[in-house]
Structure formats: C-alpha cells, structure tokens
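Reader: I am new to this structure. Please take me through one part of it closely, and then show me what lies around that part.

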Amino acid sequence: MGVVVSDMERSVDFYVNGIGMVKTGKFTIGGEFGKRGGLTGGDSVQVQILKLENSPQASDWKLMTFGRKAAHPKSKFIQDDTGVQYITIQVKSMKGIIDRLKERKVTFLGESPTPLNKDAHFLLVQDPDGTFVELIGPMD
C-alpha cells in the first residue's frame, strides 16, 4: 500500500515511533519513469518503505511525499470521503503503542480504546495527514 503524505519526517515518526513499524528500505521514482509509468505527472518522488516487522512476509506500507498539503480537507469520520480511508493493524499488545501515541499527543477517536471481547480492544487514531489507523489487539 502506498500513501502520499505531506511531511515525510512527521509521518515516519508517527508510524515508526508511534505505531511501532520499522524502516525496511527506500527508493526514488524518477520523474521520467513516473510520467512514463503513469504514477506522476513528471515529478520525482522519494519512497520510504515501512513494515510491521522486518520480514519478507510482512506487507509494505510505502510513504511518499511531494512536499505539499492535501487539496481537500482532513476527514473527521471515515464516511467523509471516498477511496481508502483506513487501515487495520492487528497488534500483539496495545500498551506500548498507547503510551507512544500519548507521548506524541495523538488524539484517540471516539471512546478508544474500546473493548471488543475479553481478549481484544479497538483503538482508532489518525495519522498526520488524516488516514484513519485502526489498531486491534490485547491491552497487555
């Protein structure tokens, strides 16, 4: 999954130091290739690859930035826009994530964390650009 962000440093901090993802690589898409491949209108772009764990089986979460803010307002709720609005991350323990997100003053949405059952809780936050991040897992 690739996500365009307005500020790479801020987004990497959120996902790596807040959520707990790891950096696993980066690359550049050149302007000519981006245009020829239909990815960009000719702009080159740096891509930072993150994963929940550093293993070949873990899915990539790619961040890229063109150094500008979104042309639309930040969604308050998932139903406010179309397209990809949120990701779901299954975690082994919520405690460390909650502590790190609180340190970064990330707002917990709704009545998060919310118990789902005796073994799992639900926590909803937004990344710096407004993508909803749904975390599910045990508190400990």
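The answer below starts with one strand and follows its links outward.

Author: This is a predicted model. Start with strand β1, which covers residues 2-5. In a regular strand the side chains alternate between the two faces of the sheet. Strand β1 has two such faces. V3 and V5 make up the covered one. G2 and V4 make up the uncovered one.

Now look at the partner of β1. Strand β4 spans residues 61-65, and four bridges join it to β1. The two strands run parallel. One residue pair helps to place them: V4 in β1 has M64 in β4 as its bridge partner.

V4 also leads to open space. Rolling a probe the size of a water molecule over the atoms shows where empty space is left. The largest pocket holds about 690 Å³. Its lining has 27 residues. V4 is among those nearest the centre, along with A70, H72, D129 and T131. Strand β1 gives the largest share of this lining, with four residues. By type, the lining has twelve nonpolar, eight polar and seven charged residues.

There is a second largest pocket too. It holds about 300 Å³. Here 13 residues form the lining, and L52, I89, Q90, V91 and K92 lie nearest the centre. β5 and α3 each supply at least two of the lining residues. Helix α3 gives the largest share, three residues. Six of the lining residues are nonpolar, four are polar and three are charged.

Next come the charged pairs. Side chains of opposite charge can pair when their charged atoms come close. The structure holds six salt bridges. Three of them are described here.

Take D43 and R68. Their closest N and O atoms are 3.6 Å apart. D43 sits in the loop between α2 (31-36) and β3 (45-51), and R68 sits in the loop between β4 and β5 (86-90), so the salt bridge ties together parts that are 25 residues apart in sequence. D43 counts as partly exposed because its relative accessibility is 36%. R68 counts as exposed, at 53%. The cut-off for exposed is over 50%.

Helix α3 holds another pair. D99 and K95 form a salt bridge, with 3.0 Å from N to O. They are four residues apart in this helix (residues 95-103), so about one helical turn separates them. D99 is partly exposed, at 34% relative accessibility. K95 is also partly exposed, at 46%.

The side chains of E103 and R104 meet as well. Their N to O distance is 3.8 Å. E103 counts as exposed, with 59% relative accessibility. R104 has a relative accessible area of 28%, so it counts as partly exposed. This pair belongs to a network of salt bridges that links D13, E103 and R104.

Finally, consider the record. In an unreviewed entry, UniProt lists residues 1-138 as "domain: VOC". In the model, the end C-alpha atoms of that span lie 25 Å apart. The span is 20% helix and 33% strand.

To return to the start: strand β1 runs parallel to β4, and β1 supplies four residues to the lining of the largest pocket.

Notes. Residues numbered from 1 in each chain as written. Predicted model: local features only at pLDDT ≥ 70, side-chain atom pairs only at ≥ 80, totals over all residues. Heavy atoms only, no water. Buried < 20%, exposed > 50% of the residue type's maximum accessible area, 1.4 Å probe, protein only. Pairing = 2+ DSSP bridges. UniProt positions renumbered as here; feature names shortened; annotations may be inferred. Salt bridge = Lys/Arg side-chain N within 4 Å of Asp/Glu carboxyl O. 1 Å grid on protein atoms, 1.4 Å probe; cavity = no way out; pocket = protein on both sides within 12 Å on 5 of 7 lines; lining within 4 Å. Points joined across faces, edges and corners; volume = space filled by probe spheres on them. Nonpolar A, V, L, I, M, F, W, Y, C, P; charged D, E, K, R; others polar.
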